[in-house]
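Dear colleague,

Please find below the structure that I am handing over to you. A summary of what was found in it follows.

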Amino acid sequence: MGVVGDAESNNGGKCGFGGLKTLVRRKQVDSAHTNSTEGGHHGLARALTIPHLIAIGVGSTIGAGVYILVGTVAREHSGPALTFSFLIAGIAAALSAFCYAELASRCPSAGSAYHYSYICVGEGVAWLIGWALILEYTIGGSAVARGISPNLAMLFGGPNSLPWFLARQTIPGLGCVVDPCAAILVFLVTALLCVGIKESTFVQGVVTVANICAMVFVIVAGGYLGFKTGWPGYKLSSGYLPFGADGMLAGASTVFFAFIGFDSVASTAEEVRNPQRDLPMGIGFALSICCTLYMLVSAVIVGLVPYYAMDPDTPISSAFASHGIHWAAYIITVGACTALCSTLMGSILPQPRILMAMARDGLLPSFFSDVNQRTQVPMKGTIVTGILAATLAFFMDVEQLSGMVSVGTLLAFTMVAISVLILRYVPPDEVPLPSTFQGAIDTVSMRYSISNNSLVDSNMENTKVYHGITTDDSAPISSLIQEETTIEYPLIEKPALKLNCMNEEMRRKIAGWTIMFTCVGVLVLTSAASSLTLYSLIRFTLCGIGGALLLFGLAVLTWIDQDDARHSFGHTGGFICPFVPLLPIACILINVYLLINLGSATWTRVSIWLVVGALVYIFYGRKNSSLRDAVYVPAAHVDEIYESHSDLVL
């Protein structure tokens, strides 16, 4: 007998339904117990503080895209209202940031969204998120690296002014354009990341400061020119919203991707000195700085030049050139180069930590879980990541694949928001423990079984039953005779609590089904709203059904109570996401809408990658998962089992 009701049924891979239960098995949330029992793995260096996290967040978020994006979005969507497009996109990104902040402070281990999904949702979804993030960081790093050489060439005097060993070359007969500069830069960043997290973050901070200085120059010098010339970009007959509110919102959906990158902060959670305090503040400050800079730069540029006269390729440089300041192009180019270098570091930094987390869980080979004892970084994973990214950057023009980067990020944002809902309403009530704890589990189970039997005997002597109705306030004897699963699950210390437990079980069922129906409603609503080729009647009907499910789910989750176990879930005392369930549901709605509108070509490429990932999981990850032989016990008795195990070991 054990504390678990049916150890075999919870044992992944040994149950029916073709092993489908392996997809929903969940690992233990971070705690002092998990940290003390993770033997065999060298820990990462806890060296990061709030300034380091801000450097990582800002450096990973602000790329060279802002130097181009302002022109394209202003010309095609927002016009002078570009500033409000950035504000709306920043608010939308903040929804995900709030969710990340709570989970990062509660579960401060490497792995970011993969780790949170594994704890709250299940192994199958966690694998999907981790596999998608691997694609995101690999393609993202390669795309950024190939974008650096053209900007460096501008500093040397022109597109073809780089030294021959750095310049792009075309391989005869193959038509393949190789980029040695991109590959060299990836190798340099990889070597820097292998030195140590504190050292690499310091360098990233210096590069990020240089980029911010370039943006401050644009704001200050551009503001001076604007006040001197009377802001001609705002004095237009078409008004402030030439494309209407729809154009402003369309612009917001486009510039939203300029805020992707702050999630890199969460991937370093295991290397933060005080994660409960520093991680939420690092994420919040980084996103606030990025949003402020974006809004100020866009406000200045659209005011200097009418939106329809902007150069879509070099909007900022051309805006200054139109006022006779041609030399500003050099400062802006330096800013673009530093932004790309910082973003490159932010793209390569998280991937080894994702690989390490997946390897620790047995889903990838243990090779990736090794941490160098001297530098305290996952050096093997970093080197493999660097070699792969450098190879792609050298041989392939990954411009067409860059849309795949957004899939991994948006999937992660969506699952993090869903994880917050699960944490608040239906947090895991069972905890997986290694099979080596079986002795302690049996000891605690026997202790509670004896206690329950004594309690039943006592109530049988003191309770009179007539047709199942007691003559006092005690529960019926029939309610005290526990079923086999309850005897194995000694959760009830007093008979009077059984009704409350039944109510709590019903509440959890309602909450779980409601969360599922809410997600289905979001998917139906966004799919129908984005399918312009559907007949109007079918489209509006589906939108109505999806909207009804969404509103119903929001109303039910607002009405029912949140789970009391949320107060003790993971590490307590950190950031708490506000406005639950409204904020996570709004986050899910925005991210799913953006996912659906990425285009069929992008989804076709991503689907191939996900199918490959599914095969890897079926033939390797599922069979080698660390939860394969785990024994699931009630969360309420975990502390007692750990104490009993410690006594047995001693």
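Of the 650 residues of the chain, 53% count as buried, where buried means under 20% relative accessible area, exposed over 50%, and partly exposed in between (1.4 Å probe, protein chains only). Please note that this is a predicted model, in which local features need pLDDT of at least 70 and side-chain atom pairs count only at pLDDT 80 or more, while totals for chains, interfaces and linings use all residues. Residues are numbered from 1 along each chain as its sequence is written, and side-chain values use heavy atoms, with hydrogens and water left out.

Overall description

The chain has 25 helices and six strands; helices (H or I, at least four residues) and strands (E, at least two) are DSSP runs, numbered from the N terminus. Its accessible surface comes to about 28300 Å², of which 66% belongs to carbon and sulfur atoms; the areas come from the Shrake-Rupley method with a 1.4 Å probe, and for residues only the protein chains shown count as cover. Among contacts (heavy atoms within 4.5 Å) between residues at least 6 apart in sequence, 84% join residues at least 24 apart.

Nonpolar cores

A nonpolar core is taken here as a set of buried Ala, Val, Leu, Ile, Met, Phe, Trp, Tyr and Cys residues joined through side-chain atoms within 4.5 Å. The largest one has 159 residues, and those with the most contacts inside it are Tyr67, Tyr100, Tyr294, Ile301, Ile316, Phe320 and Leu344. Helix H17 (residues 403–425) supplies the largest share of this core, 16 residues. Apart from it lies another core, of twelve residues, among them Ile441, Tyr448, Val633 and Ile641.

Leaving aside neighbours within four places in sequence, the contacts of Tyr67 include Asn211, Ala214, Met215, Pro315 and Ile316. They also include Ile332, Gly335, Ala336 and Ala339. Asn211 appears again among the partners of Thr338, which is in contact with Val207, Ala210 and Asn211 when neighbours within four places in sequence are left aside. Thr338 is found in helix H14 (residues 328–348) and, at 15% relative accessibility, counts as buried.

Helix H24

How far apart are the end C-alpha atoms of helix H24 (residues 600–624)? They are 34 Å apart, which agrees with the 36 Å that its 25 residues should span at 1.5 Å a residue; the expected span is 1.5 Å times one less than the number of residues. H24 nevertheless bends by about 50° at Tyr617, the bend being the angle between axes fitted to the seven residues ending there and the seven starting there. Tyr617 is also one of the buried residues of H24, together with Thr602, Val606, Leu610, Gly613 and Gly621. These buried residues pack against helix H7 (123–155) and H17.

The loop between H22 and H23

Val580 lies in the loop between helix H22 (536–559) and helix H23 (582–596), as does Pro581. A cis peptide bond joins Val580 and Pro581, with omega about 15°. Val580 is buried, with a relative accessible area of 15%. Leaving aside its neighbours within four places in sequence, Val580 is in contact with Val420, Leu421, Arg424, Tyr425 and Gln562. The C-alpha atoms of Val580 and Leu557, 23 residues apart along the chain, are separated by 8.7 Å.

Positive phi values

Most residues other than glycine have a negative phi, and most peptide bonds are trans. Two residues deserve a note in this respect. Phi of Trp231 is near 50°; Trp231 is in the loop between helix H9 (197–229) and helix H10 (244–255) and is buried, at 19% relative accessibility. Gln376 has a positive phi of about 55°; its place is in the loop between helix H15 (350–360) and helix H16 (379–395), and it is partly exposed, with a relative accessible area of 32%.

Cysteines

How many disulfides does a search of the whole structure find? It finds zero, a disulfide being a pair of cysteine sulfur atoms within 2.5 Å. The sulfur of Cys120 is 6.1 Å from the closest cysteine sulfur, in Cys107, and is therefore too far for a bond. Likewise, the sulfur of Cys337 is too far for a bond, because the closest cysteine sulfur, in Cys341, is 6.7 Å away. Cys120 is buried at a relative accessible area of 1%, and Cys337 is buried at 6%.

Yours sincerely
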